[in-house]
Amino acid sequence: MRNIQSFHMDGNGWADIGYNFLVGENGAAYEGRGWGRQGAHAPGYNDRSVGMGVMGTFTNGIPNAAARNAAQQLISCGVSLGHIASNYWLIGHRQAVATACPGNAFFNEIRNWPRFNPNV
């Protein structure tokens, strides 16, 4: 978490971590900007999105079950609390900006998650 925060603040000049939340493979969700603050992760989408990252590199493999479950539970929590619209779209970071994130393997995985939108 601290490395990501340093990269976002020192490298990108942002006030904090760019994502609203990060998820670890320990199954924990970590608050970055949280529900109430606009993210800095995806210009053009930040004002209408909640940015969630899963910590790790997922080009050749997907996050473990604990991380995937935590991410899906965080989405459900956001919907229940009214921070995410019930008719939300799920997209991968690469659909919003030029990046390899969330990695090829994980991007192929989230294509099967509820509410994934391939046509942003």
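Phe21 stands opposite Glu31 in strand 2. The two strands that pair here are strand 1 and strand 2, which run in the antiparallel sense over three bridges. Keep in mind that this is a predicted model. With that said, let's walk through the sheet, the helix that packs on it, and then a few single residues worth finding on your screen.

**The sheet**

- How many strands form the sheet, and in what order? Three strands make an open sheet, and their order is 2-1-3.
- The pairing within this sheet is mixed.
- Strand 2 (29-31) and strand 3 (52-54) stand at the edges; each has a single partner strand, so one side of each has no neighbour in the sheet.
- On average, neighbouring strands are turned by 25° against each other, if direction is ignored.

**Helix 2 on the sheet**

- Helix 2 covers residues 65-81 and packs on the sheet, where it touches strand 1, strand 2 and strand 3.
- The direction of helix 2 makes about 150° with the direction of strand 1.
- Here is a small check you can follow: at 1.5 Å a residue, the 17 residues of helix 2 should span 24 Å, and the end C-alpha atoms are indeed 24 Å apart, so the two values agree.

**The two faces of helix 2**

- Which residues of helix 2 are buried? They are Ala67, Ala70, Ala71, Leu74, Ile75 and Gly78.
- These buried residues cover an arc of only 140° around the axis, so they sit on the same side of helix 2.
- A general rule helps here: an α-helix has 3.6 residues a turn, so residues three or four places apart point the same way.
- The buried residues of helix 2 pack against strand 1, strand 2 and strand 3.
- On the face turned away from the buried side, you will find the exposed residues Gln73 and Ser80.

**The ends of helix 2**

- Asn64 caps the N-terminal end of helix 2, with a side-chain oxygen 3.2 Å from the backbone nitrogen of Ala66.
- Ala66 itself belongs to helix 2.
- Is Ala66 buried, partly exposed or exposed? Its relative accessible area is 32%, so Ala66 counts as partly exposed.
- Leaving aside neighbours within four places in sequence, Ala66 is in contact with Glu25, Asn26 and Gly27.
- Ala66 and Ala40 are 26 residues apart in sequence, and their C-alpha atoms are 26 Å apart in space.
- Just after helix 2 comes Gly82, which takes a positive phi of about 85°.

**His83, in the loop after helix 2**

- His83 lies in the loop between helix 2 and helix 3.
- With a relative accessible area of 40%, His83 is partly exposed.
- What does His83 touch, not counting residues up to four places away in sequence? Its contacts are Trp35, Val50 and Gly78.
- His83 and Trp35 are 48 residues apart along the chain, yet their C-alpha atoms are separated by 6.5 Å.

**Asp16, in a loop before the sheet begins its strand 1**

- Asp16 is found in the loop between helix 1 (2-11) and strand 1 (21-23).
- Although it is in a loop, Asp16 is buried: its relative accessible area is 17%, and the cut-off for buried is under 20%.
- The side chain of Asp16 makes a polar contact with the side chain of Gln5, at 3.2 Å.
- Not counting residues up to four places away in sequence, Asp16 touches Gln5, His8, Met9, Gly32, Arg33 and Arg37.

**His93 and Pro102**

- His93 lies in helix 3, and at 18% relative accessibility His93 counts as buried.
- Beyond its neighbours within four places in sequence, His93 is in contact with Tyr19, His41, Ala42, Thr99, Cys101 and Pro102.
- Pro102 sits in the loop between helix 3 (93-96) and helix 4 (104-110).
- The peptide bond from Cys101 to Pro102 is cis, with omega near 10°.

**Arg115, after helix 4**

- Arg115 is found in the segment after helix 4.
- Arg115 has a positive phi of about 70°, although it is not a glycine.
- Is Arg115 buried, partly exposed or exposed? At a relative accessible area of 39%, Arg115 is partly exposed.

Key. Residues numbered from 1 in each chain as written. Predicted model: local features only at pLDDT ≥ 70, side-chain atom pairs only at ≥ 80, totals over all residues. Heavy atoms only, no water. Helix = DSSP H or I, 4+ residues; strand = E, 2+ residues; numbered from the N terminus. Buried < 20%, exposed > 50% of the residue type's maximum accessible area, 1.4 Å probe, protein only. Polar contact = N/O pair within 3.5 Å; in protein donor to acceptor, adjacent residues only side chain to side chain. Contact = heavy atoms within 4.5 Å. Pairing = 2+ DSSP bridges. Axes fitted to C-alpha atoms, helices over the stretch in contact; angles between N-to-C directions. Expected span 1.5 Å × (residues − 1). Arc of directions from axis to C-beta.
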